[in-house]
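Here is a walk through one protein model, written for someone who would rather look at residues than at tables. Keep the viewer open and click along.

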Amino acid sequence: MSRHAQQLRDHDINPCVAETDASRKCMDDNNYNKDMCTAYFLKYKSCRKFWHDIMMQRRRNGVKPEMPSAEERKKMLESMGKPY
């Protein structure tokens, strides 16, 4: 597996691994008919937008690291409910 592919599977780097897997599985199950997987794509897009907004806010506030760790993200989601 390439280094880039490993980073995409790393939960500390990619907060939307589960959504990625779900949309990929949907595509596999539906013979790559994108119309059947629209809900999964929208959920993935919402996940990416949510965590991008968090990252940008942390960058503006000078918080490092800009992307919260997987453990920190889990606590954030538990406290607010899954917003996407």
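What follows goes through a helix pair, the salt bridges, a few side chains and some backbone oddities.

## Before you start

Bear in mind that this is a predicted model.

## Where α3 meets α4

Start with helix α3, which covers residues 38-60, and helix α4, which covers residues 70-80. Their axes come within 13 Å and cross at roughly 110 degrees. Since angles of 65 to 115 degrees count as roughly perpendicular, that is the label for α3 relative to α4.

Who makes the contact? On the α3 side you'll find Phe50, Trp51, Ile54 and Arg58. The α4 side brings Glu72, Arg73, Met76, Leu77 and Met80. Sorted by class, this contact has six nonpolar and three charged residues, with no polar ones.

## Salt bridges across the chain

Side chains of opposite charge can pair when their charged atoms come close. In this model the count comes to seven salt bridges. One of them joins Arg9 and Asp21, with the closest N and O atoms 2.6 Å apart. Arg9 sits in helix α1 and Asp21 in helix α2, so the pair links distant parts of the chain, twelve residues apart. Both ends have some exposure: Arg9 is partly exposed at 36% relative accessible area, and Asp21 is also partly exposed, at 30%.

Next, look at Glu19 and Lys82, another salt bridge, where the closest N and O atoms are 3.3 Å apart. Glu19 belongs to helix α2 and Lys82 to the segment after α4, so this pair ties together parts that are 63 residues apart in sequence. Is Glu19 buried or exposed? Glu19 counts as buried because its relative accessibility is 5%, and buried means under 20%. Lys82, at 49%, counts as partly exposed; exposed would take over 50%.

## A salt-bridge network and a cis peptide

Which residues are linked with Arg59 in a network of salt bridges? The other members are Lys64 and Glu66. Within this group, the side chains of Arg59 and Glu66 meet at 2.7 Å, N to O. Arg59 is partly exposed, with a relative accessible area of 42%.

Lys64 is worth a second click. A cis peptide bond joins Lys64 to Pro65, with omega at about -5 degrees. Pro65 lies in the loop between α3 and α4, the two helices whose axes cross at roughly 110 degrees.

## Two buried polar side chains

Asn14 is in the loop between α1 (3-9) and α2 (17-29). With a relative accessibility of 7%, Asn14 counts as buried. What does the side chain of Asn14 reach? The partner is the backbone nitrogen of Cys16, at 2.9 Å.

Ser23 lies in helix α2. Ser23 is buried too, with a relative accessible area of 10%. A polar atom of the Ser23 side chain lies 3.0 Å from the backbone oxygen of Thr20. Leaving out residues up to four places away in sequence, Ser23 touches Tyr40 and Phe41.

## The loop between α2 and α3

Now step along to Asn30, found in the loop between α2 and α3. Asn30 counts as partly exposed, at 27% relative accessibility. Setting aside residues up to four places away in sequence, Asn30 touches Met36 and Cys37.

Asn31 lies in the loop between α2 and α3 as well. Its phi is near 55 degrees, a positive value in a residue other than glycine. Tyr32, also found in the loop between α2 and α3, has a phi near 60 degrees, again positive in a residue other than glycine. Are these two residues buried or exposed? Asn31 is exposed, with a relative accessible area of 69%, and Tyr32 counts as exposed at 53%. The cut-off for that label is over 50%.

Note on methods: Residues numbered from 1 in each chain as written. Predicted model: local features only at pLDDT ≥ 70, side-chain atom pairs only at ≥ 80, totals over all residues. Heavy atoms only, no water. Axes fitted to C-alpha atoms, helices over the stretch in contact; angles between N-to-C directions. Helix = DSSP H or I, 4+ residues; strand = E, 2+ residues; numbered from the N terminus. Parallel < 35°, antiparallel > 145°, perpendicular 65-115°, else oblique. Contact = heavy atoms within 4.5 Å. Nonpolar A, V, L, I, M, F, W, Y, C, P; charged D, E, K, R; others polar. Buried < 20%, exposed > 50% of the residue type's maximum accessible area, 1.4 Å probe, protein only. Polar contact = N/O pair within 3.5 Å; in protein donor to acceptor, adjacent residues only side chain to side chain. Salt bridge = Lys/Arg side-chain N within 4 Å of Asp/Glu carboxyl O.
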